[in-house]
Every structure is written in C-alpha cells, then in structure tokens.
Amino acid sequence: MASYVDAHCHVTTSTKTNANPISLSDLPVVRCVMSNNSYDWQKIKNLKDSDPRTKVGFGVHPWYSHLYYIADQGHPPSKDAHYRSVLQCSDTSELEQIICRLPEPVSLSDYIHTEFEIASCDCIGEIGLDKLFRLPENGFYQGDDHAPLSRVKVSVEHQAQIFIQMCRLATIHSLPVSIHSVKCPSLVFDLCQEHLLPHSNVNVCLHSFTGSLETLTGVWLKKFPHERLFLSLSSYINFKNLDSAAKLVQALPPHCILAETDFTWDTADDDTIIRELDFVLSQIALHQKLQSKQEAKELIYTNYQRFIL
Ligand SMILES: [Zn+2]
C-alpha cells in the first residue's frame, strides 16, 4: 500500500556539539531528509541504513554557500579574504561584524572528499540559488539561535559556483537533485540545462517551486524530459495562495508531482506533518481531477519511487 511521501524535509541546523545522530519520528511516511550544511549533515549522515523509510540528501544550501570556498591551485584564502570576496554589503562595518562571527570557511572539495560517501547518500540536496535572502546577524541560519536579518548578501556568482560543483557530484554518481530556486529562474535553468540535462540518469526536483507558470511550462516542461522532472509541493509555500496553487497543479503532468513539508522533522510534531501532507494530497486530487485523496497518495508514492531509487 502506498505510504505518505515527504520528498523534501530537514533536521535543525545547530552548532551545538550534542548534535548526535537523531532518530526520526515513526510516522508511516517515506521521506528524503536534506542536508544544507556541515552541521545538519552530522545528524543525518548515518540515517540511511537506520530505517527503510528514510532517504538522505547531501547538499550545500545557498543560505550556507558562503561557509565554503572553491579551492583553486594556490593556497586556501584567509578567512577575511574569502568572506570579503563572496559577501556583499554597502555598509562596511556591518560586513565586518558578520565576518567576525562567521567560522573559518571550509574547502568545498575537502568537505565532499571527507564527508560524501555514495553508500550513505540517495540524493544531492538541498542545493540551488537564491537572490532574495540576507544573512542573519549571527552569520547563518540556525534553528536554535535566531538573529535579526542583516543587509549582507552572498553573491550569486559564488552561489552558482557551489551549485555547479554539487551538480557535478550528482552526475558523477547518478544521483537525483533537489533544488531551491528563488528569484533567479533563468540562471537556475541555464545551469541545470548545462550541467544536468545531458546526464540522462540524473532526476531533477524543483522543491517548493515559486517561479512563474511561464517558466514552468515554457522552459522546464519544454526542455526537460518529463520523466526526469519533478516538482515537490509544500503546503506552506505552494498553497499559500490557493488560486495560483490550483493553476500550478493543473499545469503539471501527473507523473511530475511530489509532495513535501520542508519541515525540520526533529522539531515538527507528527500531527502537523500528516496534516500538511494530507492537505497537499487533497489539493492534488482536486486539481488533477483524481477520484480521491487515496489516488493522489498512490500517484505521489509511485512518482517518488521513480525520483529516488
Ligand atoms: Zn528545504
């Protein structure tokens, strides 16, 4: 029988060292837990074999992309030089304050070399580009340490470099990718077209897609084989506005649709997770003109089996 699917979820990013491997809720939900950075990775890197319901993603989310540098042949950059080259802010003192609070940056290739193992990974994610976000004053988003937003941004060029490296990792190992894309639709598509499209065994999931319908139908659905393209829909992003959500679901070929919460599973309660997934399923049933929520559940489950092996 088809189980619930959460095709894109998380655990909390925290710098506290008690970040032991965690055990996830016992809900009848197959889930793909993304990693965004080295901190949450430590909690999920041993989850893959712990439970057949759990798949594991290895990624560097754009909101954490500044914590990594792309090593060239020479010496690693100093902390200051790295952050000055990838962070942008018109106010120098605000920038300096953030740099002080940030950790030593990590070489992305070292990170991949030490932590990535094909045996413990099912997916590359979360990765992507985000033109809108600003860093919090403590340097990066942490689930247990909230700080006001600063005016500091990470250059899109740097985000793109990190994204390309992670796409390469996906193609080398024929792993599916889960992509975050905010306010830079053509750049994300161009990079996917160049770095992922030629690799026929890499599936692409646009998670909580916020692009326009024109981008979806005129670009993605036109150029990417439908059997390799997935959109995972979340209640809190995609169904914030029910009218635009209806149009989005109607525009999607049924076999491209997935469901997700994007929640941190270590802090979300079971009832909320199921309520979110039920809501998404009922909306998919409604707008895809399916007989029942159960039929939507079966469709999403079948799609998920194709997305991630
Ligand atoms: Zn996410």
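**Exercise 1.** In which sense do β2 and β3 pair, and over how many bridges?

*Solution.* Start with the source. This is a predicted model, in which local features need pLDDT of at least 70, side-chain atom pairs count only at pLDDT 80 or more, and totals for chains, interfaces and linings use all residues. Residues are numbered from 1 along each chain as its sequence is written.

Next, the terms. Strands (E, at least two residues) and helices (H or I, at least four) are DSSP runs, numbered from the N terminus. Two strands pair if DSSP finds at least two bridges between them.

Now the result: β2 and β3 pair in the parallel sense, over three bridges. Within this pairing, Arg-31 stands opposite Thr-54 in β3.

**Exercise 2.** Follow β3 to its pairing with β7, then go on to β9.

*Solution.* Step one: β3 and β7 are joined by two bridges, again in the parallel sense. Phe-58 stands opposite Ile-124 in β7.

Step two: strand β7 (residues 123-130) runs parallel to strand β9 (residues 177-182), and five bridges join them. Here Ile-127 faces Ile-179 in β9.

**Exercise 3.** Write down the order of the open sheet and name its edge strands.

*Solution.* The eight strands have the order β1-β2-β3-β7-β9-β10-β11-β12, with parallel pairing. The edge strands are β1 (4-9) and β12 (257-260), since each of them pairs on one side only.

**Exercise 4.** Is strand β3 mostly covered or uncovered?

*Solution.* A residue is buried if 20 or more other C-beta atoms lie within 10 Å of its own, exposed if 12 or fewer, and partly exposed in between; C-beta atoms are placed from the backbone. Strand β3 (residues 54-58) is mostly covered, with five of its five residues buried. Thr-54, Val-56 and Phe-58 point one way from β3, while Lys-55 and Gly-57 point the other way. For the protein, 40% of the 309 residues count as buried.

**Exercise 5.** Which strands does helix α11 lie across, and at what angle does it run to β12?

*Solution.* Axes are lines fitted to C-alpha atoms, for helices over the stretch in contact, and angles run from 0 to 180 degrees between N-to-C directions. Two residues are in contact if their C-beta atoms, placed from the backbone, lie within 7 Å. Helix α11 (residues 293-307) lies across β1, β2, β10 (204-207), β11 and β12. The helix α11 runs at about 100° to β12.
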